[in-house]
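Dear colleague,

Please find below the sequence and structure I wished to pass on to you. My notes on the findings follow.

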Amino acid sequence: MSQKPAMQGIPSPLVKLNQAFIVISVLLALLTGLHWILAFPLAAGLSGLIFGYHPVIRLCSPLLTKPRSAYVLEDPEQQQFNQKIAVFCLAGGLVSFLAGWTIAGYIFTMMVGIAATVAILGFCIGCFIHYQWRMYTYRRKQAGLHK
């Protein structure tokens with residue numbers, strides 16, 4: 001989700017669609033045992049992070065029925081942070097399953113699936129982590145100024 005569209009921000013429905021893509025992929029991978037399915041959201045996330053082209057978001061953009069400005073726009077920096085977490089967990093899950101580390105595979109995969117599900121429901125775990133990290137670095141910087 002590292003798009004940098006002409007207008008700052010990513011329309012919320014596209015962010016939710018990407019989250020749903022992750023949830024559906026995780027469910028299919030876990031329910032069928034076809035763990036290679038995790039490669040699809042992983043490849044989409046990596047493409048967004050590396051090339052700035054997230055196929056799910058780009059391919060679904062024409063489905064928006066209103067002008068971009070009519071939607072709540074999500075912060076691209078925040079979404080890129082969230083995508084890094086998702087990519088890490090998806091890669092951890094896929095690599096773990098391929099290596100035969102089933103428990104680690106389930107842990108990584110379920111973490112990203114649960115996080116995406118909770119985000120769809122309205123609480124962004126990645127946003128919370130990002131905010132806490134920024135506050136921590138700010139407080140550390142402030143403490144250094146007062147020495």
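**The salt bridge**

At 46% relative accessibility, arginine 134 counts as partly exposed, because its value falls between the 20% limit for buried and the 50% limit for exposed residues. Please bear in mind that the model is predicted. The side chain of arginine 134 meets that of glutamate 77 in a salt bridge, with an N to O distance of 3.8 Å. This pair links distant parts of the chain: arginine 134 belongs to helix α6 (residues 125-145) and glutamate 77 to helix α4 (residues 76-99), with the two positions 57 residues apart in numbering. Glutamate 77 also counts as partly exposed, at 46% relative accessibility. A search of the whole structure finds one salt bridge.

**Overall architecture**

The protein has six helices and two strands, arranged along the sequence in the pattern β-α-α-α-β-α-α-α. Its C-alpha trace spans about 55 × 45 × 30 Å along the principal axes. Of the 147 residues, 37% count as buried. Among contacts with a separation of 6 or more, 71% are made by residues 24 or more positions apart. The exposed area of the protein is about 8700 Å², and carbon and sulfur atoms supply 71% of that area.

**Cysteines**

By the distance rule applied, the count comes to one disulfide. That bond joins cysteine 124 to cysteine 127, with an S to S distance of 2.4 Å. The link is right-handed, with 75° about the S-S bond. Cysteine 127 counts as partly exposed, at 24% relative accessibility.

What keeps cysteine 60 from forming a bond? The closest cysteine sulfur, in cysteine 124, is 19 Å from the sulfur of cysteine 60 and therefore too far away. Cysteine 60 counts as buried, because its relative accessibility is 18% and the limit for buried is under 20%. Cysteine 89 is likewise in no disulfide; the nearest cysteine sulfur, again that of cysteine 124, is 13 Å away. At 6% relative accessibility, cysteine 89 counts as buried.

**The nonpolar surface patch**

A nonpolar patch on the surface is formed by Leu46, Ile50, Phe51, Tyr53 and Leu59, which together have about 570 Å² of accessible area. Which element gives the most to this patch? Helix α2 (residues 39-51) does, with three residues. Tyrosine 53 lies in the loop between α2 and α3 (55-60), and counts as partly exposed at 37% relative accessibility.

**Annotated transmembrane regions**

The unreviewed UniProt entry places the feature "transmembrane region" at residues 20-38, 44-64, 85-104 and 110-131. In the model, residues 20-38 are 68% helix and 0% strand, and the end C-alpha atoms of this span lie 13 Å apart. For residues 44-64, the chain is 67% helix and 0% strand, with 20 Å between the end C-alpha atoms.

In summary, the points I would draw to your attention are the salt bridge of arginine 134 and glutamate 77, the disulfide of cysteine 124 and cysteine 127, and the nonpolar patch to which helix α2 gives the most.

With kind regards

Technical notes:
Residues numbered from 1 in each chain as written. Predicted model: local features only at pLDDT ≥ 70, side-chain atom pairs only at ≥ 80, totals over all residues. Heavy atoms only, no water. Patch = residues over 30% accessible without salt bridge, like charges linked within 9 Å, V, L, I, M, F, W, Y side chains within 5 Å. Areas by Shrake-Rupley, 256 points an atom, 1.4 Å probe, with all protein chains shown as cover. Salt bridge = Lys/Arg side-chain N within 4 Å of Asp/Glu carboxyl O. Helix = DSSP H or I, 4+ residues; strand = E, 2+ residues; numbered from the N terminus. Buried < 20%, exposed > 50% of the residue type's maximum accessible area, 1.4 Å probe, protein only. Disulfide = S-S within 2.5 Å. UniProt positions renumbered as here; feature names shortened; annotations may be inferred. Contact = heavy atoms within 4.5 Å.
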